[in-house]
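Grab a viewer and work through a few short exercises. Try each task on your own before reading the solution under it.

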Amino acid sequence: MKASGIKLIQPTLILLAMSILCTTTSHTYAQEHLKVLFIGNSYTEVNNLPKMTADIAQSMGKSITWSSNTPGGCTFSQHCNNNSMTLIRQGGWDIVVLQEQSQYPSFPQSQVEAEVFPYAKRLVDSVYAKSPCAEPMFYMTWGRKNGDQGNAPYFPVLGTYEGMDSMLCLRYTYMAETNDASLCPVGRVWHYLHDNNPDIELYQSDESHPSTAGTYAAACAFYTMFFHDDPEMIQYTPNGVNPLDAAAIRRAANIVVFSRLSDWKRPEPKIAVDTLSITGSNVTLIAHARHADSIEWRFGDGTMLATSSFDSIAEHNYVQNGDYNVAASATRHCMKAESNILISVTNAQDTTTESITTVLPATTTIMVSPNPTTSKPYITISGENRPLPESEIFLVMPDGRAERYDKVDFDLLSAGVYILRVKTQKGTLTTKLIKK
């Protein structure tokens, strides 16, 4: 399919080079100033969306320093090879807004998978590589006022506003979810206004680009996503927008964006800590983490341990009796979550404190086959085609006991979930083992 209403060349549905330019344009933000990069095309450029968003922020006592690259009709694939990459590589961004050409994400699935999704991923990966704490944010655009009539004969869903808008919503949501990014649902704000305030003209005469009111709706949505503030408190109204229409737009942004922030923000790390066993002064704990790159243990006695992001087991030997507040922190993209547990140690001995890391470098893996299993499994490390010596393998029972594998009669074990551990010089590798 082709952009800008140019008809398809059938039957291949190959997207040719455009012959004309499309005229389309916890890391929670308690901070008062943001550095934002806008990458898009004329949907971003028309009415200067970045400046209008900054004007709103200024009216609320906040500030945005912004840069942009918004050539008319520019696609994600083109942004991967133009000045956008230079700007991304400068680093230091708090937020990078990503807007695809207005039609491409609405095209048939196979075409979008080939010509949109890979470049969305490349852009997000580049943002994280140069600005590890940045928040990539996809800019969900809207369906044209009467759909994409130029392409509707070949993809009928595009023949109406509702159909085109639903495709854009679906594809932008997928890009955000699969790239660990946030989503600014401008198209959903427009949809709410389309249904509830049809007298507000969001389009220019071309039935595609935003009017000043349409850009204001986008700016209110972005301000809300940037600062997590209630848009109904915004004092700024741009010239050319009726004050009553502006109030209705701010209300729509409140209902669609602010009241559902958790739906649009990228997932934050989560973690929960449990005790597996306490034997004398030796404590074994497990942290269950989601959306985490790393886990840091603090045992309450001044010692720490860093491990990986998946289920992490830590052993610690205390040298003094007492109550210890153990904390495990999960981190991802500079966002952090923490879980605490109180440990009481009553049989400590004056021995050397030992903290055993639970994972090896990412290149090292443990393989258990079959898993789940009804009999003794075959266990290897890093895909080596040999069984590990049983003297190196420990099985953590559901009651927290850890037994050396060669002392366990696997056939007599009851059905359940066990934790299998392999100690090495670099640490302890763990995985779950399921007995049927």
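The exercises below move from the whole chain to single residues, and the model they use is a predicted one.

**Exercise 1. The whole chain**

Task: Find how many helices and strands the chain has, and what share of its residues is buried.

Solution: Start with the secondary structure: the chain holds 11 helices and 19 strands. Next, turn to burial. Of the 436 residues, 52% are buried. Finish with the surface, where about 18900 Å² is exposed, with 51% of that supplied by carbon and sulfur atoms.

**Exercise 2. Strand β1 and its partners**

Task: Work out which strands pair with β1 and why β1 counts as largely enclosed.

Solution: Take one side at a time. β1 pairs with β2 (residues 63-69) in the parallel sense, over seven bridges. In that pairing, L34 stands opposite I64 of β2. Now look for β3 (residues 95-98): four bridges join it to β1, and these two run parallel as well. Here V36 has I95 as its bridge partner. As for enclosure, β1 spans residues 33-39, and five of its seven residues are buried, so the rest of the structure largely encloses the strand.

**Exercise 3. I64 up close**

Task: Decide whether I64 is buried or exposed, then list what it touches.

Solution: First, place the residue: I64 sits in strand β2. Its relative accessibility is 11%, and the cut-off for buried is under 20%, so I64 counts as buried. Then collect the contacts, skipping residues up to four places away in sequence: H33, L34, V36, T53, A54, A57, F226 and F227. For a distance check, pick K51, which is 13 residues from I64 in sequence and 8.8 Å away in space, C-alpha to C-alpha.

**Exercise 4. H79 and its surroundings**

Task: Find which side chain makes a polar contact with the side chain of H79, and where H79 lies.

Solution: Begin with helix α3 (residues 76-79), which is where H79 lies. H79 is buried, at 0% relative accessible area. Its side chain makes a polar contact of 2.7 Å with the side chain of S84. S84 also turns up among the contacts of H79 beyond four places in sequence, along with I39, G40, N69, P71, C74, M85 and L123.

**Exercise 5. Sorting aromatic pairs**

Task: Count the aromatic pairs, then classify F117 with Y174 and Y139 with F222.

Solution: The count comes to 14 aromatic pairs. F117 and Y174 have centres 4.8 Å apart and planes at 35°, which makes the pair tilted. They link distant parts of the chain: F117 is in helix α6 and Y174 in helix α7, 57 residues apart. Check burial too: F117 is buried at 12%, whereas Y174 is partly exposed at 41%. Now the second pair, Y139 and F222: with 5.0 Å between centres and 85° between planes, the pair is edge-to-face. This pair is a long-range link too, with Y139 in strand β4, F222 in helix α9 and the two positions 83 residues apart. Both Y139 and F222 are buried. To wrap up, Y139 and F222 belong to one aromatic cluster with F38, Y43, W142, W190, Y203 and F226.

**Exercise 6. Charges over rings**

Task: Find which rings K35 and K62 sit over.

Solution: The charged end of K35 is placed over the ring of W93, 4.8 Å from the centre. K62 lies over the face of F227, 5.9 Å from the ring centre.

Conventions: Residues numbered from 1 in each chain as written. Predicted model: local features only at pLDDT ≥ 70, side-chain atom pairs only at ≥ 80, totals over all residues. Heavy atoms only, no water. Buried < 20%, exposed > 50% of the residue type's maximum accessible area, 1.4 Å probe, protein only. Polar contact = N/O pair within 3.5 Å; in protein donor to acceptor, adjacent residues only side chain to side chain. Contact = heavy atoms within 4.5 Å. Phe/Tyr/Trp six-rings, centres within 6.5 Å; stacked < 30°, edge-to-face > 60°. Lys NZ or Arg CZ within 6 Å of the ring centre and 35° of its normal. Areas by Shrake-Rupley, 256 points an atom, 1.4 Å probe, with all protein chains shown as cover. Pairing = 2+ DSSP bridges.
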